[in-house]
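Got the viewer open? Here is a short walk through the model, one selection at a time.

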Amino acid sequence: MIRFTNVNMTYADGNEALRNVNLHIAQGAMVYITGRSGAGKSTLLRLIALIDRHSRGQIIINGQNLERVRNRRIPLFRRHIGFMFQDHRLLHDRTVFDNVGLPLVIAGYRHQEIRKRVQAALDKVSLLPKINSYPMSLSGGEQQRVGVARAVVHRPAILLADEPTGNLDPALSWDTMKLFEQFNQVGVTVLIASHDLDMIKRLQKRIITLKSGRILTHAGTPMEES
Amino acid sequence: MKPVNKKKNTLPNKNIKSELKRRFDMWILQHLQAFIFSLGQFAKYPLSNILTSAVIGISLALPTSFYLLLDNVRFVSSNWNGSVQVTLFLQTEVDDKQAATFANKLKENELINETTLINRADALAEYQKLSGFADALNALDENPLPNVILIKPATDGMNETQTENLIKELQTMPEVDSAQYDSQWIKRLLYLLDIINRVIIILSTLLAIGVLLIIGNTIRLSIYNRRAEIEITKLFGGTDSFIQRPFLYSGLWYGAFGGIIAWLLIGTSMQMLRGPVKQLANLYASNFELIGLGFVNSLLLIGIGIILGLCGSWISVKRHLSAIDPV
């Protein structure tokens, strides 16, 4: 469950990224956040992940008031979140196995458990044969799927994806989105920031449109008045 | 795969022991991972890492070898210190017989341990033999050398003033021309060694700071080289201690390898010096042998390397890791 109440975010340089944002995303929902560059999509995701702290208002994630999460507890808080990026951000000096296994290593899992889960995650994105390859030897689409596997390998409650299809052709983008839908179906709350409006309209999920830091429209189901 | 957030519904009291054990196991496991990982990183770029270690090794070897030098000089000079002797030059009028009686009389003094009489004739013969001035000395009508008595003071429990008083007393005796006590230069040597000791302490401190800076800088570079990894790790919930652990272990490895290199350098140098020093010692009829590092000091050297490595990386990690935030 994600709830924003009158959230404002002003960066240190005075840039007002979010203005009076109210929104509620139920557990297990799948939501697209759209808007132009600079509309505040990334900021919204950053606030949820506690990469930045909001300036005013209240954010509650899975029953936790983010203001009450002390800096020391941020790492533990983030272990319930999976991340996806436009530029994959894989580690090029590590194999696919090591990349995908990273969240599990951080959480202190044993090697056998890590192997099991990494294999399952890679199987899900059809990349099991590439488990010992290095990211550089993979195509862009494959790298993106490694990123997806890494984002879900630790079974997060929330999956945050920032422009996950920005560098992919339409067919691959569609596949990636469908992959997210599959994770959503098993209970993960999925938030995807994307400006590819044509595609996300076809996916028939809830869409939140941001403009200059304000919520412009809510479309799709379920909807909640802000 | 079921990406569902699991929430355990277990009683805390009942499971507190197993939870503690689990955490401890995890802690050990993560340390082991960081330990091996950092060694792997070391092996990945062997040349640059060995170069860094070599610089550290040389910085450690320099003060260590000075200490060894000091140790050896101290050892040698402590031997001399025990064999301080007073040389009495008798008046030239005193003949052999009188000299022998005088020597025996001196022995009765409780401050004197031993006396050795060197006859003026013997002294001349020896001098002729050693000096190479045999012809010149033959040309002289009479022996210009006086009788000499070597006195070994009872050094046990004798302090500086007692020795000096003894010499004053000897000097006033009618038979004695002059008394020489060769302690002055040993004193000077001891003071000199003291100064050298201080210089070594200063030098060691400076070089230790140098090692800290070298390791700190190396770790700083590797932090920036692995920025992407740190960001991702922070994003997926890596704690600060998790992130800094491999860097601290890298510092440890640099220090340890630096210490080992220093040890090798010193060992090789000692081996090279051993032969010539022995030959020199033989000339002085001494069986002195160079004092090496020994087992304990070798461990100490490597230990100091490790401590410096850890400190250097710790300073660097504290300064630079917090500056990296996930973007």
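Two strands count as paired here if DSSP finds at least two bridges between them. Keep that in mind for the first stop, and remember throughout that this is a predicted model.

**Stop 1: a parallel pair in chain A.** Select residues 81-85 of chain A, which is strand S6, and then residues 158-162, strand S7. The two run parallel and are joined by 5 bridges. For one rung of that ladder, show Ile81(A): its bridge partner in S7(A) is Ile158(A). Is S6(A) mostly covered or mostly open? Mostly covered, with 4 of its 5 residues buried.

**Stop 2: the open sheet.** Staying in chain A, colour S2, S1, S4 and S5 in that order: these 4 strands make an open sheet with antiparallel pairing. Strand S2 (16-25) and strand S5 (64-65) of chain A are the edges; each has a single partner strand, so one side of each has no neighbour in the sheet. Now zoom in on S5(A) and on strand S4, residues 56-61 of chain A, where 2 bridges hold the antiparallel pair together. Ile61(A) sits opposite Gln64(A) of S5(A).

**Stop 3: the core.** Which residues touch the most other members of the largest nonpolar core? Select Ile33(A), Ala149(A), Leu159(A), Leu160(A) and Leu191(A); the core has 65 residues in total. Helix H3 of chain A (residues 96-107) is the top contributor to this core, giving 6 residues. Then centre on Leu191(A). Leaving out residues up to four places away in sequence, Leu191(A) touches Ile25(A), Val31(A), Ile33(A), Leu45(A), Ile158(A) and Leu160(A). You met Ile158(A) at the first stop, as the partner of Ile81(A). A separate core of 29 residues lies apart from the largest one, and includes Leu60(B), Leu212(B), Phe257(B) and Leu308(B).

**Stop 4: chain A as a whole.** Zoom out until all of chain A is in view. You should be able to pick out 7 helices and 10 strands. The C-alpha trace spans about 45 × 40 × 35 Å along its principal axes. A compact globule of 226 residues would have a radius of gyration near 17 Å, and chain A agrees with that at 17 Å. Of its 226 residues, 42% count as buried. If you draw the contacts between residues at least 6 apart in sequence, 69% of them join residues at least 24 apart.

**Stop 5: two domains.** Colour chain A by its domain assignment: domain 1 is 1-80 + 157-226, and domain 2 is 90-155. Taken over C-alpha atoms, their centres are 24 Å apart. Where they meet, 9 residues of domain 1 of chain A contact 9 residues of domain 2. On the domain 1 side, select helix H6 (residues 170-185) of chain A, which brings the largest share, 4 residues. By class, that side has 6 nonpolar, 2 polar and 1 charged residues.

**Stop 6: chain B against chain A.** Last, bring chain B into view. How many residues of chain B are in contact with chain A? There are 20, and they meet 27 residues of chain A. Two elements of chain B give two or more residues to its side of the contact: helix H1 (12-44) and helix H8 (227-235). H8(B) provides the largest share, 5 residues. Colour this side of chain B by residue class and you get 11 nonpolar, 7 polar and 2 charged.

Conventions: Residues are numbered from 1 along each chain as its sequence is written. Chains are lettered from A and ligands numbered from 1 in the order in which they are written. This is a predicted model: local features need pLDDT of at least 70, side-chain atom pairs count only at pLDDT 80 or more; totals for chains, interfaces and linings use all residues. Two residues are in contact if their C-beta atoms, placed from the backbone, lie within 7 Å. Ala, Val, Leu, Ile, Met, Phe, Trp, Tyr, Cys and Pro count as nonpolar, Asp, Glu, Lys and Arg as charged, and the others, Gly among them, as polar. Domain bounds come from an automatic or database domain assignment. A nonpolar core is a set of buried Ala, Val, Leu, Ile, Met, Phe, Trp, Tyr and Cys residues joined through C-beta atoms within 7 Å. A residue is buried if 20 or more other C-beta atoms lie within 10 Å of its own, exposed if 12 or fewer, and partly exposed in between; C-beta atoms are placed from the backbone. The radius of gyration is taken over C-alpha atoms; the globule rule is 2.2 Å times the number of residues to the power 0.38.
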